[in-house]
Amino acid sequence: MKIAPSILSADFAALGEAIARVEAAGADLLHVDVMDGHFVPNLTIGPPVIESIRKRTRLPLDVHLMIEEPERWVETYVKSGADYVTVHVEASAHLERTLTLIREAGARSGVALNPSTPPEVLQYVLDDLDLVLVMSVNPGFGGQSFISTAYEKIRRLRAMLADRPVLVSVDGGVKADNAGPLAQAGATVLVAGSAIFGAPDPGAALVALRSASEVLRRA
């Protein structure tokens, strides 16, 4: 299981220190939420902050674009340091074209699915994907409660992907008590914000989350 701390829940006044702590604890990726106040009702960070993060860590950056017309910004975010660019299927009118732009810009391509969006919308772009992000909350804010229909969505997505080497990531309300069932359903990346950065010791919380994800797998 890969663990991707979401910096949305970190202390932005001490972001470099927060990133260093989770990197030292064994984080696999950093999840970076970009919101435009239109596609989702919130505003977050942009390219300059991502450039700064890129200088402070060797971890791959999964830049999650919760924005309208993401294809207009792909090249900018890749140049800023994104290793993965994840766009919402609901925000991209020409999804295959957007995924091609991501790969041509030199990053890996990801697609996010809102809670009410079925995995079958990806049927004709399965071979263009490096990552699928299953949203287990409605996007826009951290700290929301997990929506349990994500389990079935992940199972259906796994069946669709077959043996394709695509990461299946889940984001929203991920905690130690649902990490095992998510792994069992087929998730390979757990995105966690408040569960890690809201803990007294983020590094220990990350280790505990990974351990919890392996319990059912070992059983």
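**Exercise 1. Strand β6 and its neighbours**

Task: In this predicted model, determine which residue of β7 is the bridge partner of Leu 133, and then describe how β6 is paired and covered.

Solution. In β7, Ser 169 is the bridge partner of Leu 133. Stepping back from this residue pair to the strands, β6 and β7 (residues 167-171) pair in the parallel sense, and five bridges support that pairing. The next step is to turn to β5, which also pairs with β6 in the parallel sense, over four bridges; here Val 111 stands opposite Val 132 of β6. Finally, consider the side chains: Leu 131, Leu 133 and Met 135 point one way from β6, whereas Val 132 and Val 134 point the other way, and all are buried. Five of the five residues of β6 are thus buried, and the strand is mostly covered.

**Exercise 2. Strand β2 and the crossover to β3**

Task: Establish why β2 (residues 30-35) can be described as largely enclosed by the rest of the structure, and trace the connection from β2 to β3.

Solution. Begin with the count: because six of the six residues of β2 are buried, the strand is largely enclosed by the rest of the structure. Next, separate the side chains by direction, with Leu 30, Val 32 and Val 34 pointing one way and His 31, Asp 33 and Met 35 pointing the other way, all of them buried. Then look at the pairing, in which β2 and β3 (residues 61-66) run parallel and are joined by six bridges, with Val 32 standing opposite Val 63 of β3. The chain passes from β2 through helix α2 (residues 47-56) to β3, a β-α-β crossover that is right-handed.

**Exercise 3. A buried aspartate in β3**

Task: Work out what surrounds Asp 62, a residue that is buried yet has no salt bridge.

Solution. First place the residue: Asp 62 lies in strand β3. Next, search for a side chain of opposite charge; the nearest is that of Arg 108, which is 11 Å away, while a salt bridge requires a nitrogen and an oxygen within 4 Å. The search can then be widened to polar contacts, and one of 3.4 Å is found between the side chains of Asp 62 and His 31. Leaving aside residues up to four places away in sequence, Asp 62 touches Leu 29, Leu 30, His 31, Val 32, Tyr 84, Thr 86 and Leu 131.

**Exercise 4. Salt bridges between separate elements**

Task: The structure holds nine salt bridges; for those formed by Asp 28, Asp 130 and Glu 120, identify the partner and describe where the two residues lie.

Solution. Start with Asp 28, which forms a salt bridge with Arg 210, the closest N and O atoms being 3.0 Å apart. This pair links distant parts of the chain, since Asp 28 is in the loop between α1 and β2 while Arg 210 is in helix α8 (residues 202-218), 182 residues apart. Their accessibilities can be classified next: Asp 28 counts as partly exposed at 25% relative accessibility, whereas Arg 210, with a relative accessible area of 19%, is buried.

Continue with Asp 130, whose salt bridge with Arg 103 has its closest N and O atoms 3.2 Å apart. Because Asp 130 lies in the loop between β5 and β6 and Arg 103 in helix α4 (residues 95-105), the pair ties together parts that are 27 residues apart in sequence. At 35% relative accessibility, Arg 103 counts as partly exposed.

The last step concerns Glu 120, which meets Arg 156 in a salt bridge of 2.7 Å, N to O. Glu 120 lies in the loop between β5 and β6 and Arg 156 in helix α5 (residues 150-161), so this pair ties together parts that are 36 residues apart in sequence. Glu 120 counts as partly exposed at 36% relative accessibility, and Arg 156 counts as partly exposed at 35%.

**Exercise 5. Positive phi values**

Task: Locate Glu 69 and Ala 162, residues other than glycine with a positive phi, and classify their accessibility.

Solution. For Glu 69, phi is near 45°, and the residue is placed in the loop between β3 and α3. With 41% relative accessibility, Glu 69 counts as partly exposed. For Ala 162, phi is near 55°, and its place is the loop between α5 and β7. Since the exposed class begins over 50%, Ala 162 counts as exposed at 52% relative accessibility.

Conventions
Residues are numbered from 1 along each chain as its sequence is written. This is a predicted model: local features need pLDDT of at least 70, side-chain atom pairs count only at pLDDT 80 or more; totals for chains, interfaces and linings use all residues. Side-chain values use heavy atoms; hydrogens and water are left out. Buried means under 20% relative accessible area, exposed over 50%, partly exposed in between (1.4 Å probe, protein chains only). Helices (H or I, at least four residues) and strands (E, at least two) are DSSP runs, numbered from the N terminus. Two strands pair if DSSP finds at least two bridges between them. A crossover is right-handed if, with the strands pointing away from the viewer, the path from the first strand over the helix to the second runs clockwise. Lys and Arg count as positive and Asp and Glu as negative; His and the chain ends are not counted. A polar contact is a pair of N or O atoms within 3.5 Å; within protein, one must be able to donate a hydrogen and the other to accept it, and residues adjacent in sequence count only if both atoms are side-chain atoms. Contact means heavy atoms within 4.5 Å.
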